[in-house]
Amino acid sequence: MTMNMKLNTLTAHELIDLLSKGDISPIDICNDIINRIEKQEKSLNALAHFDKEKALERCKNLKEGVNKGKLWGIPIFIKDNISVKDELTTCSSKILKGFKPPYNATAIEKLMDIGAVLMGKTNMDEFAFGSSTETSCYGPTRNPWDLERIPGGSSGGSAAAVSADEAIFALGSDTGGSIRQPASLCGVVGLKPTYGRVSRYGLIAFASSLDQIGPITKDVEDAAILLKAISGHDEMDSTSADIPVSDYSSNIKKGIKGLKIGIPKEYFIEGVDKEVKDSIKLAIGELEKLGAVCEDTCLPHTEYAVSVYYLVATAEASSNLARFDGVQYGLRAENITSMMDMYKKTRKEGFGDEAKRRIILGTFALSSGYYDAYYSKALKVRTLIKMDFDKAFEKFDAIVTPTSPTASFKIGEKISDPLTMYLSDIFTISANLAGIPGMSIPCGFTKANLPIGLQILGKPFDEDTILRIAYNYEQSTEWHKKKPKL
Amino acid sequence: MDYEIVIGLEVHLQLNTKSKVFCGCSTNFGSAPNTQVCPVCLGFPGSLPVLNRRALELGAKVSIALNCQIAEKIRFDRKNYFYPDLPKDYQISQFDQPLAQHGILTIITGEAEKNIRIRRVHLEEDTGKLFHQKDSSLIDFNRCGIPLLEIVSEPDMNSPEEAYLYLTALKSILEYIDVSDCNMEEGSLRCDANISLRKKADKELGTKTEIKNMNSFKGVKAALEYETKRQMDLLEDGKRIAQETRLYNTEKGVTEPMRSKEEAHDYRYFPEPDLAPFNFEKSFLKAIERDIPELPEPKKNRFIKDYLLSGYDAGIIVSDKNTADYFEKCASLYSNPKTIANWLIGDISAYMKDNNVSIKDLNLKESYLSGMLKMIDNGVITGKIAKTLLIEAIQTGKDPEKLVKENGLEQISDVKLLEAATSQVIAENPKSTEDFKNGKDNAIMFLMGKVMQKTKGRANPNKVNEMLREKLKGAR
């Protein structure tokens, strides 16, 4: 590696090597990132909050010494819905204007403990409501592969920043595909851990029973490193699991010969772009070459996933977002005449259209007289979806599907048609409903040079296997090495 | 017309845990506003609740003491409504799967026992407190997240008096199992009442009103008495009862409508996704069961049987656990339990009332009381002396036996010493002497009183009686 190579284009594991050899310093990395951001950010709009002086200061303040952590000196960007103490954390929403949490999310604490350098916050769909990062109050983020197109969402800022080398890696959150879908559309690696693998403490809730924080990285090895860094039981989150965390980085390097991989027919339906289908088929062929045994399977309740999701997720969201009421923090509307007036004006001014749509939808689903027909029934079907996976995993070690039915679409193309937009997550939602881990890795490009992602789903708490399949595939392909021309 | 009164009570009880139900903040009462708060109880974005096991333990303890069936699975729900004292704009509570159901609480009405059914017991978090000022409102979030147990009765009470007895019996049990301060003034116990009237023959319940804002058990009774009369007057006039929430105005002694129109709330309950449901472990419940002491009802029956107390006396003594414990310790040291009961219910309880102290703070060891009673039995002191001796012992904290010796309070039974006093009294009270001679037996009591006066209460009353009669016998 030559010293004139831009450090911001490297992966975390490459930088860890260089840092340990003493070839570079954290400031060098930070400077390259800042340069990239200054050159590129205007056209991308991937970042919600970034203060280069602060980033440099954090770099300078890193403790030296023998107890340097695993990520010592490695810069990281954080999605704007993950709490960082005394730093703007706004969920890209006007209603949290100026909000600085008084505490760190557990994932942030863990990263800081091992020396990672917090750089700033990435843009997102408002409160993670969206699949295109167009609902942000800071304006849409653009896809580095085509600036006319969306980067996916809701962690579009994190995916675009990593793809465009503004970031080494980043944290996202995934409620129905918000890590995997933008990773797929931006040509990077994204992993949604098993529900309960990573503490949700400090993640501003969208849908509490579905949300997970996870890594968005340039390659699988970084995903393994970052996942290990943030995983584990947390006393502050009673839904986090007390199950040991594996050494993902070393386990991924084993082969995949003999692993059984299921290909569910419900994921190759009409509406899936032909180029996407073809790429996935080639990827399956590649996995077979590596020794995996791929067989067709079925997940019969897949067709209900989107409906179930938009009832469960919005119901929880309607309650989770009630607290943004103008009383304690964030926006409070001016010229209010009464308590009720404060609630109404604040929420009217503070929430964007999509947030309002989901709050109304969720409130309706929970209302007396409708609860049984909607929310309660959705929970029952959710159980059936989970049972589909349980059954498939009796036979298979993992399941492989397209991450998204299409590659990236144009900005503005679907924003006024929520139903079409909701279908962008058709292949990612089931994993959240079932609580299982899933990841997306680059597996090809369309003729228009837009990235295509391969989704790998695994058994609960078996991130090891999906990372291993992803790593083996990545080692035998070159997709992840392609960079957008900016 | 004859009406039946139908009353159901909803009690909210603050459990006396050290920390709040979903975070580590202190539950101390009376601290400066907003000093016992954290991101969790303030409902900050991203914060998550974690259940305090102690609160669950205490809730289960109450449920067992009220003979409830405890749920196998513990689950919480969100109750959604907007109000500034509720930082998340939802309350973590329990909806269709409460902690416990189907309990029984026995009350004593006159000589009869009556079982009041408990519908449900559930655990939830308390809200903050609003302070309304002229053109603004302030919020104290200290109370936010203090564990609350809601105990809902069936509408099984048929008079304000029964409601009062229910509350006293409930409080007594809660104090026995030491789960709450049960202090209505400090708000650690709150009570709302539902009341309706129906004609005796009617099967359907009448329209009910909900009464809030009572701050003592007597207040509950008074409010229900007022409301009974108000409803009865309306019904007598052929008018209808409006289903509404009414506030009790303590100063005026009346109930007043809280809102002109009852707003229909849809709380949109749904399972709390931040707290995973879990099953009660059998061993956990067994440990709680073992931790429950003998409760007032069985204790009372035992006292009647073992100590031959009257139902009335036993009832009073067991209504406070410390008094019952005190009684039993004395009974182990002294052989006449009835006498102990008399003193406890009489002089000692009067002293406690006058000086506003509880038996726990009373400066009188069990051995001191039983020692004093033995002195009476053995003729060392008179019952009359004992009354003042008791007060002195409490006030000084000294052993009554020691006080008797120090102050020379022993009873005078010596005939020689009493001879002079009795003769003197006879000589000084010719009228009473004459009355006695003329057959007025009561006059002897007057003469005895005089002898007592002369001996400062120390004379053995039996001896004096005997001697006076002997001396006046010849004359009669």
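Visitor: Let's begin with a sheet in chain B, the open one with the order 5-4-15. How many strands does it have, and is its pairing parallel or antiparallel?

Guide: Strands of a sheet pair through backbone hydrogen bonds, and the pairing can be parallel or antiparallel. In this predicted model, the open sheet you picked in chain B has 3 strands, and its pairing is antiparallel. Strand 5 (90–93) and strand 15 (270–271) of chain B are its edge strands, each pairing on one side only.

Visitor: How many bridges join strand 4 and strand 5 of chain B?

Guide: Strand 4, residues 77–80 of chain B, pairs with strand 5 of chain B over 4 bridges, in the antiparallel sense. To find the register, look at R78(B): its bridge partner in strand 5 of chain B is I92(B).

Visitor: Chain B also has an open sheet of 9 strands. What is the strand order there?

Guide: Reading across that sheet of chain B, the order is 2-6-7-10-1-11-12-13-14, and the pairing is mixed.

Visitor: Which strands stand at the edges of it?

Guide: Strand 2 (69–70) and strand 14 (254–257) of chain B do; each has a single partner strand, so one side of each is left without a neighbour in the sheet. The partnership of strand 14 with strand 13 (residues 245–249) of chain B is antiparallel, with 4 bridges. Within it, L247(B) has E256(B) of strand 14 as its bridge partner.

Visitor: Now the domains. What does the assignment give for chain B?

Guide: Chain B is assigned domain 1 (3–286), domain 2 (293–407) and domain 3 (415–473). Between the C-alpha centres of domain 2 and domain 3 of chain B the separation is 32 Å.

Visitor: How many residues are in contact between chain A and chain B?

Guide: An interface can be read by its residues, its buried area and its polar pairs. Here 37 residues of chain A are in contact with 31 residues of chain B. The two chains bury about 2,800 Å² between them, with 59% of it on carbon and sulfur atoms.

Visitor: Which residues form a salt bridge between chain A and chain B?

Guide: R200(A) and D274(B) do, with their closest N and O atoms 3.0 Å apart. The rule finds 1 salt bridge across this interface, along with 17 residue pairs in polar contact, both at pLDDT 80 or more.

Visitor: And which elements of chain A give two or more residues to the side that touches chain B?

Guide: Helix 10 (305–320), helix 11 (339–350) and helix 12 (353–366) of chain A. Helix 10 of chain A gives the largest share, 4 residues. By class, that side of chain A has 18 nonpolar, 12 polar and 7 charged residues.

Note on methods. Residues numbered from 1 in each chain as written. Chains lettered and ligands numbered in written order. Predicted model: local features only at pLDDT ≥ 70, side-chain atom pairs only at ≥ 80, totals over all residues. Heavy atoms only, no water. Contact = heavy atoms within 4.5 Å. Buried area = accessible area lost by both parts, 1.4 Å probe. Salt bridge = Lys/Arg side-chain N within 4 Å of Asp/Glu carboxyl O. Polar contact = N/O pair within 3.5 Å; in protein donor to acceptor, adjacent residues only side chain to side chain. Nonpolar A, V, L, I, M, F, W, Y, C, P; charged D, E, K, R; others polar. Domains from an automatic or database assignment. Pairing = 2+ DSSP bridges.
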